[in-house]
Amino acid sequence: MEGLQLAWDMGFRSVRVELDSRCAVQLLQSLDAPDHQHAAIIQRFQELLTHQWEVHITHIYREANKCADFLASRGHNLSFGMHSISCSDPILYLYILYDCQGISEPDWL
């Protein structure tokens, strides 16, 4: 949700949201989940979708998005909240390159 808000604030008007949880994709695409424990977050996400932009929400296997997996793993060591990470990190740069080319993680990483 924070990433989607940031994308809107930065002026992006065509965004792809890739999640490795089918359940999360289904919840975000559902029109009604008032009894869900995260109903407020789901509702805020859906409100963001009403802006004048194109947002595609899709399921993707974790292995197909090593960059996101790397960032999520790194995020476990950070305090709660929004963080900006430089793309100058050589491993992150490689994961971006590999994800763009559809290459899975090499054995030496």
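Here are some questions and answers about this chain, which is a predicted model.

User: How many helices and strands are there in the chain?
Analyst: Let's walk along the chain from the N terminus, where the elements run α-β-α-α-β-α-α. Each α in that order stands for a helix and each β for a strand. The tally is five helices and two strands.

User: What does the C-alpha trace of the chain span along its principal axes?
Analyst: The chain has 109 residues, and its accessible surface comes to about 8,000 Å². Carbon and sulfur atoms account for 55% of that surface. As for the span along the principal axes, it's about 45 × 30 × 30 Å.

User: Among contacts between residues at least 6 apart in sequence, what share joins residues at least 24 apart?
Analyst: One pair that fits is Phe45 and Met1, which are in contact. Another contact joins Val15 with Trp53. For the chain, the share is 60%.

User: Is Phe45 buried or exposed?
Analyst: Phe45 is found in helix α3, residues 39-49. Leaving aside neighbours within four places in sequence, Phe45 is in contact with Met1, Leu4, Leu28 and Ile57. Its relative accessible area is 5%, and the cut-off for buried is under 20%. So Phe45 is buried.

User: How far is the C-alpha atom of Phe45 from that of Glu2?
Analyst: Along the chain, Phe45 and Glu2 are 43 residues apart. In space, their C-alpha atoms are separated by 8.9 Å.

User: Which residues is Val15 in contact with, leaving aside its neighbours within four places in sequence?
Analyst: Val15 sits in strand β1, residues 14-19. With a relative accessible area of 14%, Val15 is buried. The contacts of Val15, with those neighbours set aside, are Leu4, Ala7, Trp53, Glu54, Val55 and His56.

User: Why does Gln5 count as partly exposed?
Analyst: Gln5 has its place in helix α1, residues 2-9. Not counting residues up to four places away in sequence, Gln5 touches Arg44 and Leu48. Buried needs a value under 20% and exposed one over 50%, with partly exposed in between. Gln5 falls in that middle class because its relative accessible area is 22%.

User: Where is Asn77, and is this residue buried or exposed?
Analyst: Asn77 lies in the loop between α4 and α5. From Cys67, Asn77 is ten residues away in sequence and 16 Å away in space, C-alpha to C-alpha. Its relative accessibility is 69%, and the cut-off for exposed is over 50%. So Asn77 counts as exposed.

User: How are helix α4 and helix α5 oriented to each other?
Analyst: Two packed helices are described by the angle between their axes and the distance between the axes. For α4 (residues 66-75) and α5 (residues 90-101), the axes come within 8 Å and cross at roughly 150°. That angle makes α4, relative to α5, roughly antiparallel.

User: Which residues meet where α4 and α5 touch, and how do they divide by class?
Analyst: On the α4 side, the residues are Lys66, Cys67, Ala68, Phe70 and Leu71. They meet Ile91, Leu92, Tyr95, Ile96 and Asp99 in α5. By class, the contact has eight nonpolar, no polar and two charged residues.

User: How many disulfides does the count come to?
Analyst: A disulfide is a covalent bond between the sulfur atoms of two cysteines. To be counted, a pair of cysteine sulfur atoms has to lie within 2.5 Å. By this rule, the count is zero.

User: Which class does Cys23 fall in, and which does Cys67?
Analyst: Cys23 has a relative accessible area of 48%, while Cys67 has a relative accessibility of 14%. Buried means under 20%, exposed over 50%, and partly exposed in between. So Cys23 is partly exposed, and Cys67 counts as buried.

Methods: Residues numbered from 1 in each chain as written. Predicted model: local features only at pLDDT ≥ 70, side-chain atom pairs only at ≥ 80, totals over all residues. Heavy atoms only, no water. Buried < 20%, exposed > 50% of the residue type's maximum accessible area, 1.4 Å probe, protein only. Axes fitted to C-alpha atoms, helices over the stretch in contact; angles between N-to-C directions. Helix = DSSP H or I, 4+ residues; strand = E, 2+ residues; numbered from the N terminus. Parallel < 35°, antiparallel > 145°, perpendicular 65-115°, else oblique. Contact = heavy atoms within 4.5 Å. Nonpolar A, V, L, I, M, F, W, Y, C, P; charged D, E, K, R; others polar. Areas by Shrake-Rupley, 256 points an atom, 1.4 Å probe, with all protein chains shown as cover.
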